[in-house]
Structures are given as structure tokens and as C-alpha cells.
Amino acid sequence: MSNLMVNLSPYEEAEHILNYATQLAGALNMGVEMVHHIDTSKKNWSLRYGDIFPETLSQEETENIAIQERKNSIARLIGEQAVISSNVTFSIGKHSVKKALKTVTKEKDIGMALITCDKEMTDPSFKEACQVIKSLTCPVWRIPLRPRATPVKTIIYATDYHEKDIEVLKMISELAKRFSSKIIVLHVRKSGDYESELKDAGLKGLISDKVGYSQIEVQSAESSNVAKGIAEWCTKEYADLIVFLRKDKNLLNGIWGSSTIEKVIKTTNLPVLVYG
């Protein structure tokens, strides 16, 4: 059984993250591999413990006590929520969480990562989370702050057409079978893009021949703002999950400037699943 790697960050949101992760892992028949990283390069990260620790303690002693308190707190949460797997990797050092997560991905049987990324986070934390989403090789399931686990009935796969679309749709269809979901393949195009209309028709034929899942439809929308077009379509269709392909350079970094995935994350609280 593969594992859902859960980034327990922000630390203050650990209970909400763990609750969501437990339900998602159960639905996907996965174990849970938790990672909590403490970046000691962040200024005064342990100062909130100053009121309860004697002033005679050194900075190093204060940090060690703070680290142990975090470990104890997370252990209590795991026990309370009866998590499928109770393994936690604690990473401490003057580096980002990205390094810690990559290490766990290499050493453990990781089938998917769960990352919190929300516009309400501080700007450095939001950017760091987006970098993690881009850099991991495994699929990444993004959740907002204080997520609610709801049934996944409609999945939107947003594509700018890629040779891996069929491969990705096969993976999405396996996910959809678990949730009894319908899949909408969405391409947001500019007005009068007739070449895209031809590609729509070609993709429909390939899906029918290659994917083998009946609850899939292909739709197009016109918008000068791709991220806005995707978000509006998801609202219209009452979507429960948005899926992107990480290697789709147009969506990730390309002609619309900054990442369309980042823009979508900033405009919606829906879960976003990114395949590599």
C-alpha cells in the first residue's frame, strides 16, 4: 500500500490538515506518511514559548523544548484521530520544507502528497508552498486553510492540450472510480481559436478509444483570462476538484505570465490536484 505524504504545515493548522488527510487516505486506500519541518532560519520562530520558559534558558535550550513540544502535540493529534499510519518525519534546519519532502519521497513509498497552499497564508509561505507543488515528482493534492472533506462528484481537468492528456486522464479515471465522479476535460481558449475547436474534437475521439471511463465529457470556454475562466467554469459546474498537469508549460509558467495554477489557487478554495 502506497502512502499519502502529508506536510503538517502551517503548524497551527495541523489538526485540520490531519483530519482531512485521514479521510482522503481512507478514500484512496493509502497509509499516511507525515512530515513536519521546522525552518530555524525564520526569525524568532520559537519566541511564542518565551512566556512559559525561564529566562535563564539559552536560545538553543528554548528551541529544543519548543521542538519537543511540537513533537508531543503532533503525537497527541495522531492518537486522537486514529491515523492509518503513525509515522512522522521531523525535519529541523535552516532550509525549506521542499528539501525535507523530496527526501521522504525518495525514501518512502509515496503515492501522493498533500500540501496546504492558500492566499490567506503569508506571502513567503504561499510562494514556498507553490514551489513545493511545482518541484515534487509525485502527484500533489493542494488544500486551502481549514479544508472540509466533501464528496468528490465532479472533477475538472484543465488542459491546454498536451501529449500526456490521455495518460493523465487514465489516472484521473482511476480516482474517479473511487469517488463515483464524472470528469470534465476543460480547455479555456481565446475567442475565435478554431484550431482549438478541432483539437477538442480530436481529444474526444481519443478519450473514447483509449481511456475506458464513460463519465467523461470535453468542454471549452472562451476567456481572455485563463485562470479566471477555469475558476468560473468550476463554479458553474459545482466542481469538487480541479486537476492540472505539472508539465503543461503553458499552464504552469507560459504565455500568460505567472503560473495559472497559482492564480487558480488564489481564486478558489477547491482542492487542486497536480500530476507530474
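When I say that two residues touch, I mean that they have heavy atoms within 4.5 Å of each other. Hello everyone, and keep that meaning in mind as we look around this structure, which is a predicted model.

Let's start with T154. You will find T154 in strand β6, which covers residues 154-158. Is T154 buried or exposed? Its relative accessibility is 7%, so T154 counts as buried. And what does T154 touch, leaving aside residues up to four places away in sequence? The list is S181, K182, I184, E237, Y238, A239, D240 and L241.

One name on that list deserves a stop, and that is Y238. Y238 sits in the loop between α7 (226-236) and β9 (241-245). Its phi is positive, about 55°, although Y238 is not a glycine. As a reminder, most residues other than glycine have a negative phi, and most peptide bonds are trans. Y238 has a relative accessibility of 70%, so Y238 counts as exposed. So here we have a buried residue, T154, touching Y238, which is exposed.

Now please find S180. S180 belongs to the loop between α5 (165-179) and β7 (182-189). S180 also has a positive phi of about 55° without being a glycine. Buried or exposed, in the case of S180? Exposed, because its relative accessibility is 56%.

While we are on the backbone, let me show you P10. P10 is placed in the loop between β1 (3-7) and α1 (14-28). The peptide bond that joins S9 and P10 is cis, with omega at about 0°.

Next, the cysteines. A disulfide is a covalent bond between the sulfur atoms of two cysteines. How many disulfides does a search of the whole structure find? Zero. C130 is a good place to see why. The cysteine sulfur closest to that of C130 is in C117, 3.6 Å away, and the cut-off for a disulfide is 2.5 Å, so the two are too far apart for a bond. C130 counts as buried because its relative accessibility is 3%. C138 is buried as well, at 6% relative accessibility.

On to the charged side chains. The count of salt bridges comes to five, and I'd like to walk you through some of them.

Take E13 and R146: their side chains meet in a salt bridge, with 3.2 Å from N to O. E13 lies in the loop between β1 and α1, while R146 lies in the loop between β5 (140-143) and β6, so this pair ties together parts that are 133 residues apart in sequence. The partners sit in contrasting surroundings: E13 is buried, at 8% relative accessible area, whereas R146 is exposed, at 54% relative accessibility.

Then look at K108 and E33, whose side chains form a salt bridge at 3.9 Å, N to O. This pair, too, links distant parts of the chain, 75 residues apart: K108 is in the loop between α3 (97-107) and β4 (110-116), and E33 is in strand β2, residues 31-39. K108 has a relative accessible area of 34% and is therefore partly exposed. E33, with 4% relative accessibility, counts as buried.

What about K177 and E174? They form a salt bridge too, and their closest N and O atoms are 3.1 Å apart. Both lie in helix α5, three residues apart, which is about one turn of the helix. K177 is partly exposed at 45% relative accessibility, and E174 is partly exposed at 46%.

Let me finish with a pair of helices. Helix α4 (residues 123-135) packs against helix α9 (residues 260-267) at an angle of about 130°, and their axes are 11 Å apart. That angle makes α4 oblique to α9. The crossing of α4 past α9 is right-handed. Which residues meet here? From α4 they are F126, C130, I133 and K134, and from α9 they are E262, I265 and K266. You will recognise C130, the buried cysteine from a moment ago, back again where α4 meets α9.

That's my tour. Thanks for listening, and feel free to turn the structure around and look for these places yourselves.

Terms used
Residues numbered from 1 in each chain as written. Predicted model: local features only at pLDDT ≥ 70, side-chain atom pairs only at ≥ 80, totals over all residues. Heavy atoms only, no water. Helix = DSSP H or I, 4+ residues; strand = E, 2+ residues; numbered from the N terminus. Buried < 20%, exposed > 50% of the residue type's maximum accessible area, 1.4 Å probe, protein only. Salt bridge = Lys/Arg side-chain N within 4 Å of Asp/Glu carboxyl O. Axes fitted to C-alpha atoms, helices over the stretch in contact; angles between N-to-C directions. Parallel < 35°, antiparallel > 145°, perpendicular 65-115°, else oblique. Left-handed = near helix turned anticlockwise from the far one by under 90°.
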